[in-house]
Amino acid sequence: MLRVALVGQPNSGKSTLFNAIVGYRAVASNFPGTTVEVLRGKALVGGKPAEVVDLPGIYSLHAGDPAERLARDYLLSGQVDVIVNVVDASLLGRSLELTLELAELGLPMVVCLNMMDEARRKGIHVDTGRLSEALGVPVVESIAVRGVGLKELLAAIPQARVPTPPRYAADVEEILTRLAEPLASRGTRLPPRYLAELLVAGEEPPEGAGDAGLNEVIETARREFTSRRGQDPALVLSAERHALALRIFEEVARVTHAAESFRDRVDSLLMHRIWGYPIMLAVLLSLFFGVFKIGGLLEGYLLPPLDLLTAAVEGTVPGPIGKVLGGAIQGLWAGIGIVLPYLVPFLFFLAFLEDVGYLPRIGFLLDGLMHRIGLHGKSVIPFLLGYGCSVPAVLATRILEDERDRLVTAALAVMVPCAARTVVIFGLVGRYVGPWIAFSLYLLNIFVVAAAGTLLRRFLPGVGPGLIMEIPPYRLPALRTMLLKVWLRLRGFITVAWPTLIVASAFFSLIEVLGWTYFLNTLLLPITWPLGLPAAVGVPLVFGILRKELSLIMLGQALGTMDFGAVLSGAAMVVFTVFVIFYVPCIATVAALWRELGRHKTLLVVAGTVAVALLVALLVRAFICLFGPGMC
Amino acid sequence: MFLNSFTDLETLPPGYKARVVRIEGGRGLVTRLSRLGIVPGAEVTVVSRAPVGGPVLVEVNGARVALGRGVARKVVVKPGA
């Protein structure tokens with residue numbers, strides 16, 4: 001079967017194109033041994049089924065960046081028959097640099113000039129015939145969002161040709177050719193010229209590339225470069241590629257005056273140094289409000305049948321087994337009650353904001369503030385995701401380049417109240433103490449997260465590289481792409497968290513049946529006693545680690561009533577909720593942290609959050625006792 | 001006011017065009033900037049700046065890129081390209 005790889009820069013419309021070609025049958029998988037994700041699907045190419053792989057968006061093929069290195073090694077691994085290079089035609093000049101790098105890999109290639117409508121709007125007219133001639137490969141125009149040019153692309157893939165390798169300045173070519181000769185004679189599975197470039201640039205070639213024992217020849221070539229150009233060879237090569245890309249661009253494209261764009265005017269308002277902020281607040285508040293409204297509505301439809309089911313099961317299967325089964329169904333209930341009504345709309349709205357292009361703008365607006373806690377604007381995305389679910393938030397820290405930034409962002413993002421914790425905040429404090437107190441807990445949360453960030457900055461002084469982020473133009477998102485994004489972020493929850501939740505809930509019922517609750521509650525006295533909470537709250541706190549909203553249901557079971565106002569004081573409810581917000585992220589999040597950060601750092605985050613939870617809950621209790629002794 | 005001297009992208013006011021002269025940073029920074037077309041010789045325009053130490057928005061090759069202040073400071077430019 002023909003194996004086709006889509007390669008392109010971020011925001012080139014690659015994912016939209018992929019979705020349009022393969023439909024909904026896409027399967028996500030990680031590169032072996034890593035967390036970099038690739039999507040696979042099948043499409044009919046020239047009447048025959050072919051495997052299509054969507055590689056992560058990359059700007060170049062440098063080994064320094066993990067995603068770029070993986071993309072490069074994957075392309076060179078022999079698992080790819082044809083490269084489809086997706087290019088944002090409105091950014092042709094810059095995008096051609098990646099095209100030139102790909103052209104050296106010696107693989108058949110097709111260039112897909114996507115976003116032709118946007119290029120025309122910007123006044124860029126591309127002569128595809130001449131571009132095809134310059135690169136030596138078929139060039140197809142497309143507008144993937146509207147499905148334009150897809151048939152032509154699929155028809156062009158079988159016609160893919162190995163590109164003409166780029167030609168740089170004569171002195172550079174001379175050194176490269178001299179190095180490529182011994183490499184070729186030793187037999188390498190890489191194109192010798194490409195391997196020569198990697199070695200001269202001081203990049204680590206893929207394993208088994210066959211460069212052993214050539215150190216001396218390589219060093220000579222590197223020295224020659226440096227003495228002739230007075231610069232690091234890697235910089236010389238990148239400058240040569242840049243110059244060549246611009247030369248090709250000038251040859252094949254004609255730039256007329258761009259029409260004053262409506263989107264530019266919108267942008268200058270949305271990114272305005274003053275107006276940008278109230279607009280952002282309005283957008284985010286309406287996002288949360290909208291999700292809450294829709295969630296409440298859906299929940300109303302979903303819960304009654306599930307309640308009936310629980311009652312029916314406990315009624316038909318009597319005794320302890322029935323209780324355990326009822327517990328399992330309550331786990332199912334919690335998953336359906338949270339995931340479908342709240343998380344799905346939340347992820348969908350967020351995907352919309354992301355694909356329209358507003359999310360990077362939020363990053364731009366908040367970069368200055370994020371610097372105060374030692375991070376930068378890109379960390380905003382994991383934080384926002386955190387309000388939905390901590391699992392996708394932790395996974396989203398991958399977009400950060402710096403390892404320290406990833407750790408700090410993940411550690412802070414798990415303290416952001418997710419949808420499950422929102423249920424506790426509103427179900428307990430919102431309902432029995434008052435909505436404004438519930439709302440102020442969110443402000444308290446932001447304050448604590450910021451304080452923790454400032455503290456972390458002390459302990460982990462960063463040399464983080466700072467913000468370098470492309471701000472793509474506003475775009476009409478494709479529904480399919482958004483749905484796939486929602487599904488990919490939801491998947492972690494459904495496959496890991498939900499089963500855990502069902503098993504854990506059943507297990508809790510078993511513990512109750514066996515009469516072990518007293519033992520667990522005694523074990524947790526060091527936490528419940530200083531916080532002024534009833535000892536019976538211990539078990540719900542333990543099970544809150546499995547799923548945070550579970551602690552609310554468990555609290556009802558432990559106290560023997562769902563009418564919390566009758567058994568808990570307002571102060572106890574607020575202190576309990578504060579503790580639940582901050583302490584140990586749920587088990588699914590711990591699993592995600594483990595995958596992203598490793599065991600050591602995960603344990604640090606877990607210990608740190610417990611300490612923060614205990615400290616903040618104690619302070620809140622002290623505050624309540626100080627200003628409202630009656631409530632205490 | 002900048003026409004005959006070098007400055008950097010942090011100080012260049014919005015609306016000004018400039019040509020990148022060099023990047024005062026390690027190889028990592030140089031590579032990351034070069035991916036987005038910010039290389040010596042490239043023409044950049046400062047579009048806007050976020051307040052309170054926020055990033056600088058620049059246009060290069062028809063694409064918009066946000067650069068944190070710390071990054072912008074390291075991009076030496078010659079104004080008035």
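Which residue in strand 6 of chain B is the bridge partner of Asp8(B)? In the predicted model, that partner is Val76(B). The pair belongs to the junction of strand 1 and strand 6 (residues 75-79) of chain B, which run antiparallel and are joined by two bridges.

This junction forms one end of an open sheet of seven strands, whose order is 10(A)-5(B)-4(B)-3(B)-2(B)-6(B)-1(B) and whose pairing is antiparallel. Strand 10 of chain A and strand 1 (7-8) of chain B each have a single partner strand and stand at the edges, so one side of each is left without a neighbour in the sheet. Strands of a sheet pair through backbone hydrogen bonds, either parallel or antiparallel.

Within chain B, strand 2 (residues 17-23) pairs with strand 3 (residues 43-49) in the antiparallel sense over three bridges; here Ala18(B) lies opposite Val44(B) of strand 3. Strand 3 of chain B also pairs with strand 4 (residues 56-60) of chain B, again antiparallel, over five bridges, and Ser48(B) faces Leu57(B) of strand 4 across this pairing. The hairpin of strands 3 and 4 of chain B has six residues between the strands, and Val52(B) in this hairpin adopts a positive phi near 40 degrees.

The sheet includes a strand from chain A. Strand 10 of chain A and strand 5 (residues 63-67) of chain B are paired in the antiparallel sense through four bridges, with Glu470(A) having Val65(B) of strand 5 as its bridge partner.

The contact between the chains involves 34 residues from chain A and 30 residues from chain B. About 2700 Å² is buried between chain A and chain B, and carbon and sulfur atoms give 58% of this area. On the side of chain A, the residues losing the most area to chain B are Arg94(A), Phe364(A) and Ile468(A), which together account for 24% of what that side buries.

Polar interactions were also evaluated at the interface. Eight residue pairs are in polar contact between chain A and chain B, counting pairs with both residues at pLDDT 80 or more. Two salt bridges are found across the interface; the side chains of Asp267(A) and Arg64(B) meet in a salt bridge at 3.5 Å, N to O. At least two residues of the side of chain A that touches chain B come from each of helix 3 (92-102), helix 10 (233-252), helix 11 (262-270), helix 14 (358-372) and strand 10 (468-471) of chain A. By class, that side of chain A comprises 13 nonpolar, seven polar and 14 charged residues.

Methods. Residues numbered from 1 in each chain as written. Chains lettered and ligands numbered in written order. Predicted model: local features only at pLDDT ≥ 70, side-chain atom pairs only at ≥ 80, totals over all residues. Heavy atoms only, no water. Contact = heavy atoms within 4.5 Å. Buried area = accessible area lost by both parts, 1.4 Å probe. Salt bridge = Lys/Arg side-chain N within 4 Å of Asp/Glu carboxyl O. Polar contact = N/O pair within 3.5 Å; in protein donor to acceptor, adjacent residues only side chain to side chain. Nonpolar A, V, L, I, M, F, W, Y, C, P; charged D, E, K, R; others polar. Pairing = 2+ DSSP bridges.
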